[in-house]
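Biologist: I should like to go through this structure by asking how each label attached to it is justified. Please set the values against the criteria as we proceed.

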Amino acid sequence: MQESVKGLPSLIVLAVGLLWPSVLIAESTPQPVTLNVAVAANFAKPLAELARDYETKSGNTVRITVGSSGALFAQIVHGAPFDVFLSADAKRPDALVEQGLAHTKDALIYAQGRLAVAGANENGLNALRDATDATRIAIADPRLAPYGSAAQQALTAMGLWSQLSVNLIRGSNIQQTLQFWQTGNVQLAIVAASQCIGYQLNCTLIDAGLHQPIIQKLVVVSRSAQVSAAREFAGFMVSDDVQQQLTALGYLPLMASAGKS
């Protein structure tokens with residue numbers, strides 16, 4: 001009995017020693033987090049697919065909020081708790097950097113978009129050139145959505161803006177613009193090429209030379225409570241594997257954007 005009592009402290013030390021590595025492992029292993037990601041409407045469908053892959057690989061969860069770049073930018077400025085913002089332009093992520101809401105190193109180009117016309121069928125871009133006052137055409141609001149701004153530039157370059165602008169139906173974002181056409185409220189809609197692929201629509205591409213490049217940047221919001229995981233997600237989005245997928249989804253490769261930063 002005495003031998004058992006004398007050996008007890010050694011057993012306790014041994015037991016603690018066996019448990020200690022487990023404690024270290026538990027403390028050093030990152031715990032899964034939920035990332036709140038704001039995304040421009042043109043990229044909502046691709047992001048939903050990519051997010052599932054990221055969740056499988058990382059163990060984290062991605063909660064997605066969709067809107068126009070302008071509206072999402074305003075929400076972030078006013079304190080919305082987003083960890084990552086995927087804009088449809090570079091201007092708004094850069095503006096967040098300028099306002100001290102993000103760091104320069106956390107603003108990355110992740111895609112370059114293309115414009116297309118839904119509803120043109122075999123007429124191609126002539127469907128726009130032949131439009132009359134009775135033709136209802138939808139574009140995203142140029143004040144809020146970069147794809148709308150690009151649509152305005154393209155129509156101007158084609159000499160059609162002054163003729164068509166009065167009767168244009170303006171969507172608050174590119175997704176609503178497509179919905180105007182899908183529901184039969186307009187005959188034509190200038191949308192993102194990625195939407196045409198995602199929804200398997202027969203669209204006509206608009207020459208990228210008719211508008212400024214649609215450079216899309218993402219940014220990690222500096223006040224995020226999980227900056228490390230947010231940066232990991234940003235790295236995932238600009239990875240070669242993801243970029244190869246995006247070229248098949250209606251986006252130009254990053255090399256066409258002169259780099260990733």
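Modeller: A definition comes first: Ala, Val, Leu, Ile, Met, Phe, Trp, Tyr, Cys and Pro count as nonpolar, Asp, Glu, Lys and Arg as charged, and the others, Gly among them, as polar. The model itself is predicted.

Biologist: How do the residues lining the largest pocket divide into nonpolar, polar and charged?

Modeller: The lining comprises Pro 30, Gln 31, Pro 32, Val 33, Lys 57, Ser 58, Gly 59, Asn 60, Gln 226, Ser 228, Ala 229 and Glu 232. Set against the classes just given, this list yields four nonpolar, six polar and two charged residues. The space in the largest pocket is about 190 Å³.

Biologist: Which helices each supply at least two residues of that lining?

Modeller: They are α2 (44–58) and α10 (227–237). Helix α10 contributes the most, namely three residues.

Biologist: What makes the pair of Phe 43 and Tyr 251 edge-to-face?

Modeller: The structure holds five aromatic pairs. In the pair of Phe 43 and Tyr 251, the ring centres are 5.4 Å apart and the planes stand at 70 degrees, so the pair is edge-to-face. The cut-offs are centres within 6.5 Å for a pair and planes over 60 degrees apart for this label.

Biologist: Where in the chain do these two residues lie?

Modeller: Phe 43 is in the loop between β1 (34–40) and α2, whereas Tyr 251 is in the segment after α11 (240–247); the pair thus links distant parts of the chain, 208 residues apart. Ring pairs also join Phe 43, Tyr 110 and Tyr 251 into a cluster.

Biologist: Why does Phe 43 count as buried, and why does Tyr 251?

Modeller: Buried means under 20% relative accessible area. Phe 43 has a relative accessibility of 0% and therefore counts as buried. Tyr 251, at 3%, also meets the criterion and counts as buried.

Biologist: What makes Tyr 54 and Phe 233 an edge-to-face pair?

Modeller: Their ring centres are 5.0 Å apart and their planes are at 80 degrees, so this pair is edge-to-face. Tyr 54 belongs to helix α2 and Phe 233 to helix α10, so the pair ties together parts that are 179 residues apart in sequence. Both Tyr 54 and Phe 233 are buried.

Biologist: How do you know that Lys 45 lies over the face of Tyr 199?

Modeller: Lys 45 is placed at 4.9 Å from the ring centre of Tyr 199. The distance criterion is NZ of Lys within 6 Å of the ring centre, and the label also requires a position within 35 degrees of the ring normal.

Biologist: Why is β1 called largely enclosed by the rest of the structure?

Modeller: Six of the seven residues of β1 are buried, so this strand is largely enclosed.

Biologist: How do you know that β1 pairs with strand β2 (residues 61–67)?

Modeller: Two strands pair if there are at least two bridges between them. Seven bridges join β1 to β2, and the two run parallel; Ala 40 stands opposite Gly 67 in β2.

Biologist: What makes strand β4 (residues 102–113) mostly covered, and how many bridges join β4 to strand β10 (residues 214–221)?

Modeller: Nine of the 12 residues of β4 are buried. Seven bridges join β4 to β10, and these strands run antiparallel. Ile 109 has Lys 217 in β10 as its bridge partner.

Biologist: What makes the phi of Asn 121 notable, and what is its value?

Modeller: Most residues other than glycine have a negative phi. Asn 121 is not a glycine, yet its phi is positive, at about 55 degrees. Asn 121 sits in the loop between β5 (115–118) and α5.

Biologist: Gln 200 also has a positive phi of about 55 degrees although it is not a glycine. Why is Gln 200 called exposed, and why Asn 121 partly exposed?

Modeller: Exposed means over 50% relative accessible area, and partly exposed lies between that and 20%. Gln 200, in the loop between α9 (193–198) and β9 (203–205), has 74% and is therefore exposed. Asn 121, at 45%, therefore counts as partly exposed.

Key. Residues numbered from 1 in each chain as written. Predicted model: local features only at pLDDT ≥ 70, side-chain atom pairs only at ≥ 80, totals over all residues. Heavy atoms only, no water. Buried < 20%, exposed > 50% of the residue type's maximum accessible area, 1.4 Å probe, protein only. Helix = DSSP H or I, 4+ residues; strand = E, 2+ residues; numbered from the N terminus. 1 Å grid on protein atoms, 1.4 Å probe; cavity = no way out; pocket = protein on both sides within 12 Å on 5 of 7 lines; lining within 4 Å. Points joined across faces, edges and corners; volume = space filled by probe spheres on them. Phe/Tyr/Trp six-rings, centres within 6.5 Å; stacked < 30°, edge-to-face > 60°.
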